[in-house]
Amino acid sequence: MQAVVYEEFGGPEVLHTLEIEEPHAGPGEVRIAVRAAGVNPMDYKLRRGWFNADAAVFPVVPGFEVAGVVDEVGEGGTDFVVGDEVVGWGKTGTFAEYTLAGAIAKKPAEVSFEEAVALPVAGETSARALRLLELKAGETVLIHGAAGGVGAVGVQLALALGATVIGTAAEANHDYLRSLGAVPVTYGEGLVDRVREVAPQGIDAVYDVAGKGALPDSIELRGGTDRIVTIADPTAADHGITFSAGGTPPELQAAGLREQLDLAATGKLKLKIAETFPFTDAPKAAEISESGHPKGKLVLKP
């Protein structure tokens, strides 16, 4: 099968397509014919050797998120049959024509493969953060980096819980946040005053997706470190703030994904696609991802 691989650590230029052996479904496993694969920041951090470098076995096939069609089912019990359209996480790299499925859910017909693959990582990350914050209906949450792929999903999941959402973003993204139902504020100096102006009732919780030095302002707005969660600021421990970095069990991942797909199918969760690339343009997609400024989800397709 054709796959995007890297055979050494480095920048986007080390990515290339290669013919490699395709995986097959073992007992209890499901194989997916890939229709769309999601690009994530962790892809380049692994490719550059910043994490788990000793565990890399070259050639490495990157990618975590997959949307596609079940085309092979191994022996043993499974809830899926050949022909099911699914979305979720791959056990093997997803930048390939085929991948073995990890936690997956059936894709509603109303959601495209490209839209669906924007959901697994962003949905799991934001659902996990909101659980840690114990966010409830009627409360107000401040989300830093609200216009990005993860942040925008977090905004909508918080709104679905019945919360009021204040979202920080560049002014160019304020109309987008309003379209989602959030109240936008510009990040940077003076943030505390701007937030207090639009939320005189106070802030009940803070979800930091941006990781750009917003924790001191968040603590001031909260009057302490309680109910603040970051997924992006490595200085969290210095401030006494919770840093969340995964750990959701696969069964909970799949259950959360099913709920989020239902929201997407009914139009209550909008998934923004920045750009779609063929596998041969993987270096270009990786370069945009690494720049930190994609305007929505970056998607690769065989």
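This is a short talk about a few side chains in one protein structure.

Hi everyone, thanks for coming. Before we look around, please keep in mind that this is a predicted model.

Let's start at the surface. Which residues form a nonpolar patch there? They are Met-42, Trp-50 and Phe-51, and together they have about 330 Å² of accessible area. Take Phe-51 as an example. You can find Phe-51 in the loop that runs between helix H1, residues 41–47, and strand E4, residues 65–73. Its relative accessibility is 41%, so Phe-51 counts as partly exposed.

Now follow the chain into strand E4, where Glu-65 sits. Is Glu-65 buried or exposed? Glu-65 is buried, because its relative accessible area is 0% and the cut-off for buried is under 20%. What does its side chain touch? One polar contact, of 2.7 Å, connects the side chain of Glu-65 with that of Asn-40. Another, of 2.6 Å, connects the side chains of Glu-65 and Lys-297.

On to the salt bridges. How many salt bridges are there? The count comes to 15, and I'd like to show you three of them.

The first stop is Glu-72 with Arg-31, whose side chains meet at 3.8 Å, N to O. This pair links distant parts of the chain, with Glu-72 in strand E4 and Arg-31 in strand E3, residues 30–38; they are 41 residues apart. Arg-31 is buried, at a relative accessible area of 5%. There is also a wider picture here: Glu-22, Arg-31, Asp-71 and Glu-72 are linked in a network of salt bridges.

Next stop: Asp-84 and Lys-106 form a salt bridge, with their closest N and O atoms 4.0 Å apart. Asp-84 is in the loop between E4 and strand E5 (85–90), while Lys-106 is in strand E6 (residues 98–106), so this pair ties together parts that are 22 residues apart in sequence. The two ends have their own surroundings: Asp-84 is buried, at 14% relative accessible area, whereas Lys-106 is partly exposed, at 47%.

And our last stop is Lys-107 with Glu-85, a salt bridge of 3.1 Å, N to O. Where do these partners lie? Lys-107 is in the loop between E6 and helix H2 (113–116), and Glu-85 is in strand E5, 22 residues apart. Here Lys-107 is buried, with a relative accessible area of 10%, and Glu-85 is partly exposed, with 33%.

That's my tour. Try finding these residues in the structure yourself, and thanks for listening!

Key: Residues are numbered from 1 along each chain as its sequence is written. This is a predicted model: local features need pLDDT of at least 70, side-chain atom pairs count only at pLDDT 80 or more; totals for chains, interfaces and linings use all residues. Side-chain values use heavy atoms; hydrogens and water are left out. Patches are made of residues with over 30% relative accessible area and no salt bridge: like charges are joined within 9 Å, nonpolar side chains (Val, Leu, Ile, Met, Phe, Trp, Tyr) within 5 Å. Accessible areas come from the Shrake-Rupley method with a 1.4 Å probe; for residues, only the protein chains shown count as cover. Helices (H or I, at least four residues) and strands (E, at least two) are DSSP runs, numbered from the N terminus. Buried means under 20% relative accessible area, exposed over 50%, partly exposed in between (1.4 Å probe, protein chains only). A polar contact is a pair of N or O atoms within 3.5 Å; within protein, one must be able to donate a hydrogen and the other to accept it, and residues adjacent in sequence count only if both atoms are side-chain atoms.
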